[in-house]
Amino acid sequence: RLQYLAIGSVSALTISCLINYIRTQSRKKENAALEPYFSSTYHSARKKFQEAASKISTAKNHSIVVDTDADLSIDLCYIPGDKSSKHVLLHFSATHGVEGYAGSAVQIYLLQNEINNIIN
């Protein structure tokens, strides 16, 4: 009886570990799709913002230098809608606190994928 109980416990543990592994692998695939938007440094995030903004033909970009020694700036991106639109987007970057990397990822995603839906 003790032998069957031990086998049953090991089997339940194995199944639990297998389910957890499958869930983890699924999350890794979902997260991999988001990786291009995230950065690990301020300068990397800034570069991604500038590159995404520069690919928008109607965008006007400007930087305000905050600290020349640390190479810190606030980047602005002015994006008007098409001629029939009354919308405009004024996009600021580098005004974040500790949430900066997540906020930057959202900005990059919006500039690369949703800008036309936002301003037109």
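**Figure 1. Cover over the buried residues of helix 2 in the predicted model.** The elements that cover the buried residues of helix 2 include strand 1, strand 2, strand 3 (88-93) and helix 3 (100-119). The buried residues of helix 2 are Ala-45, Arg-46, Phe-49, Ala-52 and Ala-53. Viewed down the helix axis, these buried residues fall within an arc of 130°, so they line one face of helix 2. In an α-helix there are 3.6 residues a turn, so residues three or four places apart point the same way. On the face turned away from the buried side, helix 2 carries the exposed residues Lys-47 and Ser-54. Helix 2 is made of 13 residues, and the distance from its first C-alpha to its last is 18 Å, close to the 18 Å expected at 1.5 Å a residue.

**Figure 2. A network of salt bridges centred on the side chains of Arg-46, Asp-71 and Asp-75.** Side chains of opposite charge can pair when their charged atoms come close. The count of salt bridges comes to 2. In one of them, the side chain of Arg-46 meets that of Asp-71 at 3.9 Å, N to O. Arg-46 belongs to helix 2 (residues 42-54) and Asp-71 to the loop between strand 1 (60-67) and strand 2 (72-80), so this pair ties together parts that lie 25 residues apart in sequence. Arg-46 also forms a salt bridge with Asp-75, at 2.8 Å, N to O. Because Arg-46 lies in helix 2 and Asp-75 in strand 2, this pair ties together parts that are 29 residues apart in sequence. Both Arg-46 and Asp-75 are buried. The relative accessible area of Arg-46 is 15%, under the 20% cut-off for a buried residue. Asp-71, by contrast, is partly exposed, with a relative accessible area of 40%.

**Figure 3. Backbone of Asp-71 in the loop between strand 1 and strand 2.** Most residues other than glycine have a negative phi. Which sign does phi of Asp-71 have, positive or negative? Phi of Asp-71 is near 55°, a positive value in a residue other than glycine. The side chain of Asp-71 takes part in the salt bridge with Arg-46, and the residue counts as partly exposed at 40% relative accessibility.

**Figure 4. Surroundings of Ile-56 in the loop between helix 2 and strand 1.** Ile-56 is buried, and its relative accessible area is 14%. Which residues is Ile-56 in contact with, leaving aside neighbours within four places in sequence? These contacts are with Ile-79, Leu-111 and Ile-115. Ile-56 and Ile-79 are 23 residues apart along the chain, and their C-alpha atoms are separated by 8.1 Å.

**Figure 5. A nonpolar surface patch made by Tyr-78, Val-88, Leu-90 and Phe-92.** The patch amounts to about 370 Å². Strand 3 supplies its largest share, with 3 residues. Phe-92 is situated in strand 3 and counts as partly exposed, at 38% relative accessibility.

**Figure 6. Lys-86 in the loop between strand 2 and strand 3.** Is Lys-86 buried or exposed? With a relative accessibility of 83%, Lys-86 counts as exposed. The C-alpha atoms of Lys-86 and Asn-120 are 7.9 Å apart in space, although the two residues are 34 apart in sequence.

**Figure 7. The chain as the setting for the close-up views, with 3 helices and 3 strands.** Along the sequence, these elements follow the pattern α-α-β-β-β-α. The chain has 120 residues, of which 23% count as buried. Of the contacts between residues at least 6 apart in sequence, 44% join residues at least 24 apart. The chain exposes about 8800 Å², and carbon and sulfur atoms supply 59% of this area.

Key
Residues are numbered from 1 along each chain as its sequence is written. This is a predicted model: local features need pLDDT of at least 70, side-chain atom pairs count only at pLDDT 80 or more; totals for chains, interfaces and linings use all residues. Side-chain values use heavy atoms; hydrogens and water are left out. A salt bridge is a side-chain nitrogen of Lys or Arg within 4 Å of a carboxyl oxygen of Asp or Glu. Helices (H or I, at least four residues) and strands (E, at least two) are DSSP runs, numbered from the N terminus. Buried means under 20% relative accessible area, exposed over 50%, partly exposed in between (1.4 Å probe, protein chains only). The expected span of a helix is 1.5 Å times one less than its number of residues. The arc is that of the directions from the helix axis to the C-beta atoms. Contact means heavy atoms within 4.5 Å. Patches are made of residues with over 30% relative accessible area and no salt bridge: like charges are joined within 9 Å, nonpolar side chains (Val, Leu, Ile, Met, Phe, Trp, Tyr) within 5 Å. Accessible areas come from the Shrake-Rupley method with a 1.4 Å probe; for residues, only the protein chains shown count as cover.
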